[in-house]
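I opened my notebook to get to know a new structure. Come along as I write down what I looked up.

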Amino acid sequence: MARVRLSVAERREELLRAAIEQIEARGVAAVRIADVASALGVSNALVLYHFSTKEKLVAAAFTHAAEGDLARLRKLLGRRTTALRRLRSAVRWYAPTGTAKGWRLWIEGWAAALREPALREVAIGLDRQWKAAITEVLAEGVAAGEFRCPDPAGAALRLTALLDGLAVQMTSYDGAVSRARAQQWVDEALARELNLPLDELVPAAAR
């Protein structure tokens, strides 16, 4: 069967999705242009036409993944509900599950970013935007009198540090932390940052 002719933008997105899948499966160091081409049944030359080097393909793949994550975050935080509900929805979505492919991708990205400046810029940009979005919602909740948080920026940093650390433990070390225990710790940390009793935080956000 003949392949459907895609526009440049559609082909680029298809290549980026395939690259993400291959990075998740093989890791940044091991993935090759040929792996991405083979996954789609296209030539190496086609991949190189859109991304002249493996490094540019990998950086673009991580940028694509970051943009998708940020779009989802903005959607959660843009809902018409209380700051508390929006905040907990975002934290629950960001929290690791132990099997999420997305976390394997970002752990690979963090490791590769130590040696690849382009990836480092992507990771730093995603991190800054995530923290800024959480800080903004924390400030909105304080202004509305929903909870007390004297240092929204510091709280956003501490929460993301906890979530990132749990993601490494749960994704890299099978059985190190159960999903239920990790969620309990995240809820407890959020309650502390908001100066709310835990039994008030969870029902209020779950409704």
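**Starting with Asp35**

I began with Asp35, which has its place in helix α2, residues 33-40. Before going on, I noted that this is a predicted model. Is Asp35 buried or exposed? I found a relative accessible area of 6% for Asp35, so I wrote it down as buried, the cut-off being under 20%. Then I looked up what Asp35 touches, leaving out residues up to four places away in sequence, and found Gln22, Arg26 and Ala30.

**The whole chain**

Next I stepped back to see the chain in full. I noted ten helices and zero strands in its secondary structure. Read from the N terminus on, the elements run α-α-α-α-α-α-α-α-α-α. The C-alpha trace spans about 60 × 35 × 35 Å along its principal axes. The chain has 207 residues, and buried ones make up 43% of them. I also looked at contacts with a separation of 6 or more: in 63% of these, the residues are 24 or more positions apart.

**Helices α1 and α4**

How do two packed helices get described? I reminded myself that the angle between their axes and the distance between the axes do the job. For helix α1 (residues 8-26) and helix α4 (residues 54-77), I noted an angle of about 95° and axes 9 Å apart. Angles of 65 to 115 degrees count as roughly perpendicular, and α1 and α4 are therefore roughly perpendicular to each other.

Which residues of α1 meet α4? On the α1 side I listed Arg12, Glu13, Leu16, Arg17, Ala19, Ile20 and Ile23. On the α4 side I listed Leu57, Val58, Ala60, Ala61, Phe62, His64 and Ala65. Sorted by kind, the residues of this contact come to ten nonpolar, one polar and three charged.

I stayed with α4 a little longer and checked its length. With 24 residues at 1.5 Å a residue, α4 should span 34 Å, and its end C-alpha atoms are 35 Å apart, which agrees. I looked up the buried residues of α4 too; among them are Leu57, Val58, Ala60, Ala61, Phe62 and Ala65, which I had just met in the contact with α1. The buried list also includes Leu70, Leu73, Leu76 and Leu77.

**His50 in α3**

His50 lies in helix α3, residues 44-50. Its relative accessible area is 16%, so I marked His50 as buried. Setting aside neighbours within four places in sequence, I found His50 in contact with Val8, Arg11, Arg12 and Leu15. Arg12 was already in my notes as one of the α1 residues that meet α4.

**The aromatic residues**

How many aromatic pairs does a search of the whole structure find? I counted five. One of them joins Tyr94 and Trp103: the ring centres are 5.3 Å apart and the planes stand at 90°, so this pair is edge-to-face. Tyr94 is buried at a relative accessible area of 15%, and Trp103 is buried at 9%.

Tyr94 also pairs with Trp130, with ring centres 4.0 Å apart and planes at 20°, so I wrote this pair down as stacked. This pair links distant parts of the chain: Tyr94 is in helix α5 (residues 83-94) and Trp130 in helix α7 (residues 117-143), 36 residues apart. Trp130 counts as buried, at 5% relative accessibility. I then drew one aromatic cluster in the margin, formed by Trp93, Tyr94, Trp103, Trp110 and Trp130.

**Ser178 and Asn195**

My last stop was at two loop residues. Ser178 lies in the loop between α8 (152-172) and α9 (179-194). Asn195 lies in the loop between α9 and α10 (198-206). Are they buried or partly exposed? Ser178 counts as partly exposed at 42% relative accessibility, and Asn195 is partly exposed as well, with a relative accessible area of 36%. Their C-alpha atoms are separated by 26 Å, while along the chain Ser178 and Asn195 are 17 residues apart.

One more thing about the backbone caught my eye. Most residues other than glycine have a negative phi. Asn195 has a positive phi of about 55°, although it is not a glycine.

Technical notes
Residues numbered from 1 in each chain as written. Predicted model: local features only at pLDDT ≥ 70, side-chain atom pairs only at ≥ 80, totals over all residues. Heavy atoms only, no water. Axes fitted to C-alpha atoms, helices over the stretch in contact; angles between N-to-C directions. Helix = DSSP H or I, 4+ residues; strand = E, 2+ residues; numbered from the N terminus. Parallel < 35°, antiparallel > 145°, perpendicular 65-115°, else oblique. Contact = heavy atoms within 4.5 Å. Nonpolar A, V, L, I, M, F, W, Y, C, P; charged D, E, K, R; others polar. Expected span 1.5 Å × (residues − 1). Buried < 20%, exposed > 50% of the residue type's maximum accessible area, 1.4 Å probe, protein only. Phe/Tyr/Trp six-rings, centres within 6.5 Å; stacked < 30°, edge-to-face > 60°.
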